[in-house]
Amino acid sequence: MGTFPYHRAGMAAQLLLTMLLAVAAVGDPPFSCGPSSPSRAYPFCDRSLPVARRAADLVSRLTVAEKVSQLGDEAAGVPRLGVPPYKWWSEGLHGLSYWGHGMRFNGSVRGVTSFPQVLLTAAAFDEGLWFRIGQAIGREARALYNLGQAEGLTIWSPNVNIFRDPRWGRGQETPGEDPVTASKYAVAFVRGLQGSSPAGAPAPLQTSACCKHATAYDLEDWNGVARYNFEARVTAQDLADTFNPPFRSCVVDGKASCVMCAYTGINGVPACASSDLLTRTFRGDWGLDGYVSSDCDAVAIMRDAQRYAPTPEDTVAVALKAGLDLNCGTYTQEHGMAAIQQGKMTEKDVDKALTNLFAVRMRLGHFDGDPRGSAPYGGLGAADVCTADHKNLALEAAQDGIVLLKNDAGILPLDRSAVGSAAVIGHNADDPLVLLGNYFGPPCESTTPLKGLQGYVKNVRFLPGCNSAACPFAATGQAVALASSSDHVFLFMGLSQEQEKEGLDRTSLMLPGKQQSLITAVASAAKRPVILVLLTGGPVDITFAQSNPKIGAILWAGYPGQAGGLAIARVLFGDHNPSGRLPVTWYPDEFTKVPMTDMRMRADPATGYPGRSYRFYRGKTVFKFGYGLSYSKFSRRLVTGSKNPAPSTNLLADLTATSEDTASYYHVDDIGADGCEQLKFPAEVEVQNHGPMDGKHSVLMFLRWPNATDGRPASQLIGFRSHHLKAREKASVRFDVSPCEHFSRAREDGKKVIDRGSHFLMVGKDEWEISFEA
């Protein structure tokens, strides 16, 4: 595999072997401290003791060589103590995955529920949905573990990096460009995956979630710059209000038991060598109770690509001393002993890491004897995978995420009885793989868009038009002939993993190859306006289709998972009222003139730098963040709140007397936790469905400052609520507003402050002014 294995970027051969061979034996789940264990009398097997004490006891009984053998993602067993081998790397981004070493699909379970790729799920703006998806993935992982088809329960998901640049190949894996959305997604998904309640009540770990890739990681391979040697220059301001909040929420609110550090070098220091990040921030400021893992081969890359340390031993020592606990790969296992012998690090440095690692395994129940039959997860098995509930959830997630981008003259929804014949054209119409995006496992079932439409229309004729998403050649003549002889025309176009994936960024935001010319020709030949469905991870510039009256409707369906084809058909024919909203800005192709390597979020008018995301971008858009149409008309109106959110002016008056800079703002740190709690207040929104269909509606609440100077965002999402309303129904939706969280902004030094004076809550075009003054 070259100098370094680069497991995740160049794993095609490994993945193929995993999928086709899957030869590892399936049997009992790995565990320790059973009745026949040689260590059952040791303290680390005593379930009544605190986890930290048990872990420390186990570590104290290991030899130095045994300790070093635990520092990679494939940890060796310790037979003399009854400790089985363990595989840390499993993936559950939107369903259990072939990627990693911990899961196998060769026993009584050969398929798992494949949910939509994350960006589409994020478009639902529904925390409850995100929680249930995480919960379902965690249950299926536990079931595989109990069946002996999993050698680990540490799931390296979710990916909560900010989708900063529309070209990023992995943007599809994320909840989008907004830090509040990503933070709320992180909390909901982590709680579900780990087995907590939606409110966060603690429970024994169902699985261990790992939030990745901290931090400011969003470049694969662009213009000769690869993620392995990219040096990100990031301001304290951007770290504080864009890149770090999702990771903070993961740990502080979601109680994630792992954070993964990225390949990225951040301001001169590789993320996995930064004690400021791994120790002071993760453990100190945020209180991480768990372990820190490197991205795969990140430690080797620190030495061999980034040249951060002079020798392998120095590199391993730097990483562990900074606060890294686990290296994905073998580099630390290979060089750890020499690093100790050379005095680069001590055995205590290793003990600290191993105590964190074994504590997580103990929280997963790996040292409590046979997990089968014991509460709360021991009863899970094959019957709990691909259940009817999970399949329905995959369909619900796809339906709720699909975004209706255009619907001229109400062409949708279609009346199935009025569609005599249909032409289905496009490379993405009948490709089961394109539904899955990346990091997928074997789906328990699959419905392509073609199959979904065939359930509604009897006379369907299909033509791929292009042989792949790259579309170097198009069967335009055949497509035009088919379109002109059909009642309705459906085009399923877009991207695939050939254009956007881990290790590959795009260079253009246009549809590849001959796709645009094919779409335009078909639309011109069709009897009535055509319907264009886009299956893509990231955004594309479809300005041509927006303005073409022969293209009557456009849907964005992301990579919609195993039920994607049925979800699309249900939306097209009105069995589901679309409610998805874009979680990313769709930029024009001219945005590609901006270097991907420029990490600045804020615009710089002096140089023409346009900024990034709806919060700071100053330029034309194809579609804005939060955009999405419905078959119903919804209205939203702010109805209650407080002109002065402070219950007493004494709190702010005291700050005015004691704080610096209070002529213009208050420091959030000076207000303190108790003060911030006092300042919270409710805001109520009246939302009404004016018909004609029942439907779900996501209410997005934003904050606007009087001006966007001094680095303030143009606006900032502060919360969202999803609500299902019958036609003509009216409901009240409550938002709990926290000025310390929602009114604050980051100064250039990263400190959070609340400006004195007016702030405006916004829901749609409705605004409500709130004065924040003593």
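**Strands, cores and two buried residues in a predicted model**

Good morning. Let me open with a single pairing: alanine 422 stands opposite histidine 488, a residue of strand β16. The model we are looking at is a predicted one.

That pairing belongs to a longer register. Strand β14, residues 421-425, and strand β16, residues 488-494, run parallel and are joined by four bridges. Both strands sit in an open sheet of six, in the order β13-β18-β17-β16-β14-β15, with mixed pairing. At its edges are β13 (403-407) and β15 (459-463), each of which pairs on one side only. From one strand to the next, the twist averages 15°. As a reminder, strands of a sheet pair through backbone hydrogen bonds, either parallel or antiparallel.

I turn next to strand β9, residues 258-261. Which way do its side chains point? Cys258 and Met260 point one way, Val259 and Cys261 the other. In a regular strand the side chains alternate between the two faces of the sheet. In β9, all four of these residues are buried. β9 has parallel partners in β5 and β12. With strand β5, residues 211-214, the connection consists of two bridges, and there alanine 214 is opposite cysteine 261. With strand β12, residues 291-294, the pairing extends over four bridges, and cysteine 258 faces tyrosine 291 across it.

Let me move to the interior. The largest nonpolar core has 213 residues, and the members touching the most others are Trp156, Leu412, Ile542, Trp556 and Trp586. Helix α5, residues 127-146, supplies the largest share of this core, with ten residues. There is also a second, separate core of 29 residues, which includes Val668, Ile718, Leu725 and Cys740. In soluble globular proteins, nonpolar side chains tend to be buried together.

One helix illustrates burial on a smaller scale. In α2, residues 51-60, the buried residues are Arg54, Ala55, Asp57, Leu58 and Val59. Their cover includes α3 (64-68) and α13 (347-363).

The aromatic residues come next. The structure holds 31 aromatic pairs. One of them joins tryptophan 89 and tryptophan 156 in a stacked arrangement, with 6.1 Å centre to centre and 15° between the planes. Tryptophan 89 is in the loop between β2 (86-87) and α4 (118-122), and tryptophan 156 is in the loop between β3 (154-155) and α6 (179-194), so the pair ties together parts that are 67 residues apart in sequence. Both of these tryptophans are buried.

A contrasting geometry appears in the pair of tryptophan 586 and phenylalanine 623, which is edge-to-face: 5.7 Å centre to centre, with 75° between the planes. This pair, too, links distant parts of the chain, 37 residues apart: tryptophan 586 lies in the loop between α19 (564-572) and α20 (613-616), and phenylalanine 623 in the loop between α20 and β19 (634-640). Tryptophan 586 and phenylalanine 623 are both buried. Elsewhere, one aromatic cluster is formed by Phe125, Trp130, Tyr185, Phe189, Tyr614, Phe625, Phe702 and Phe720.

I should like to finish with two individual residues. The first is lysine 696, in strand β22, residues 695-704. Is lysine 696 buried or exposed? Its relative accessibility is 11%, under the 20% cut-off, and therefore lysine 696 counts as buried. Which side chains does the lysine 696 side chain meet in polar contacts? Aspartate 126 is one, at 2.5 Å, and aspartate 400 is another, at 2.7 Å. Beyond its neighbours within four places in sequence, lysine 696 is in contact with those two aspartates and with Ser579, Phe634, Ser722, His723 and His724.

The second is tryptophan 705, in the loop between β22 and β23 (716-725). Tryptophan 705 counts as buried because its relative accessibility is 3%. Its side chain makes a polar contact of 3.5 Å with the side chain of aspartate 755. Contacts of tryptophan 705 beyond four places in sequence include Arg712, Pro713, Phe743, Arg745, His759 and Phe760. Its C-alpha atom is separated by 9.4 Å from that of glycine 757, which is 52 residues away along the chain.

Thank you for your attention.

Definitions and conventions
Residues are numbered from 1 along each chain as its sequence is written. This is a predicted model: local features need pLDDT of at least 70, side-chain atom pairs count only at pLDDT 80 or more; totals for chains, interfaces and linings use all residues. Side-chain values use heavy atoms; hydrogens and water are left out. Buried means under 20% relative accessible area, exposed over 50%, partly exposed in between (1.4 Å probe, protein chains only). A polar contact is a pair of N or O atoms within 3.5 Å; within protein, one must be able to donate a hydrogen and the other to accept it, and residues adjacent in sequence count only if both atoms are side-chain atoms. Contact means heavy atoms within 4.5 Å. Two strands pair if DSSP finds at least two bridges between them. Axes are lines fitted to C-alpha atoms, for helices over the stretch in contact, and angles run from 0 to 180 degrees between N-to-C directions. A nonpolar core is a set of buried Ala, Val, Leu, Ile, Met, Phe, Trp, Tyr and Cys residues joined through side-chain atoms within 4.5 Å. Rings of Phe, Tyr and Trp (its six-membered ring) pair if their centres lie within 6.5 Å; planes under 30 degrees apart count as stacked, over 60 as edge-to-face and the rest as tilted.
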